[in-house]
Amino acid sequence: MQNPQRIDKYEILERIASGGQATVYKAMDTQSWKTVALKVLHSHFNEDSDMGRRFLREALMIKNLRHDNIVDIDEAGESDGSHFIAMELLPQSLDKVLKRRRPLAVLEVVKLIAKIARGLEAAHQAGIIHRDVKPSNILLTDAGVPKIADFGIARATEFSAMTATGMIPGSPQYMSPEQAKDDTVDARSDLYSLGVTLFEMLTGRTPLAGVSHQGVLLHHANDKDVPTGALDQARIPEDIASVTKKLLSKNPEERPQTAGDLVIALNAIIVNHGEKSVTT
């Protein structure tokens, strides 16, 4: 598929990535001459006007929510039937860091997760649930500060994706049990997904690595405990392993109840290990 040359005031420079819901381009704002990341919904989603409105509404909510650990959104709009979001361009994503398979220091992992949790806390307090927390949706600044991206896209495309495929949208390896069972989700679902991300950063794999999409859904539907033995094999400190296991509890009531609670728990671990607590 060829890149478009221009969308609204944005001149397309190159394609960065493409997923199930949208394509991301590096683009130039021809009015401000600022380079941005331009996320454009795939054309089959654009045909659903209700979904398009949900997509833009969710993006605009995040645009007004400025936080050090959430990707800044400059604009969300529609041009010639294409729905787009213009946001800050960041150099890399957490999943690319993980794919390098270079071990990350355990406390550095905890600090990164604490910062991501701070971003989720701000979003949850504003009534926004992410629904697709995973390493590819965590972008990093040049200084290594994590910023959460793609708020609202999973929710905005949920109905259309289910109608088109008959399957629950999302990333199965990071999906909470309640998402997998198509139950009502709240902020604690995002914390489960963050727990999977933490587990992967600590052990180099997700808890259900190697299990098929359908197998993950069946695993959650059958209420089996999430396997966490890799934490012991990796000799993760007990306090860090304990928080990780709580995040991966099948019962939301057994997880930290808010992202703020998680930040407090992680900062306590950081301080107990002789480091300063995180603020951004």
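This passage describes a pocket, a cavity, one helix and two buried residues in a predicted model.

The second largest pocket has a volume of about 420 Å³. Its lining is made up of 21 residues, and those that lie nearest the centre of the pocket are L98, K99, R101, E200 and G204. Three helices each supply at least two residues of this lining: helix 3 (94–99), helix 4 (106–125) and helix 7 (187–203). Sorted by class, the lining of the second largest pocket has twelve nonpolar residues, six charged residues and three polar residues.

Enclosed space was also examined. The count of cavities of 30 Å³ or more comes to two. The largest cavity holds about 80 Å³ of space. The residues that line the largest cavity are K39, I62, V71, I73, I85, M87, I148, A149, D150 and F151. Eight of these lining residues are nonpolar and two are charged, while no polar residue is present in the lining.

Helix 10 spans residues 238–247, and its buried residues are I240, A241, V243, T244 and L247. These residues lie on the same side of helix 10 because they cover an arc of only 160° around the axis. The partners against which the buried residues of helix 10 pack are helix 4, helix 7, helix 9 (229–233) and helix 11 (259–272).

Residue H220 is located in helix 8, which runs over residues 213–221. The relative accessible area of H220 is 1%, so this residue is buried, the cut-off for burial being under 20%. A polar atom of the H220 side chain lies 3.4 Å from the backbone oxygen of M175. M175 also appears among the contacts of H220 once neighbours within four places in sequence are left aside; the others are S176, P177, A180, K181, Y192, L208, V226 and K250.

Residue V40 belongs to strand 4, which covers residues 35–41. With a relative accessibility of 8%, V40 counts as buried too. V40 and S82 are 42 residues apart along the chain, and their C-alpha atoms are separated by 6.9 Å. S82 is one of the residues that V40 touches when residues up to four places away in sequence are not counted; I7, A22, T23, Y25, H83 and F84 complete the list.

Technical notes: Residues numbered from 1 in each chain as written. Predicted model: local features only at pLDDT ≥ 70, side-chain atom pairs only at ≥ 80, totals over all residues. Heavy atoms only, no water. 1 Å grid on protein atoms, 1.4 Å probe; cavity = no way out; pocket = protein on both sides within 12 Å on 5 of 7 lines; lining within 4 Å. Points joined across faces, edges and corners; volume = space filled by probe spheres on them. Helix = DSSP H or I, 4+ residues; strand = E, 2+ residues; numbered from the N terminus. Nonpolar A, V, L, I, M, F, W, Y, C, P; charged D, E, K, R; others polar. Buried < 20%, exposed > 50% of the residue type's maximum accessible area, 1.4 Å probe, protein only. Arc of directions from axis to C-beta. Contact = heavy atoms within 4.5 Å. Polar contact = N/O pair within 3.5 Å; in protein donor to acceptor, adjacent residues only side chain to side chain.
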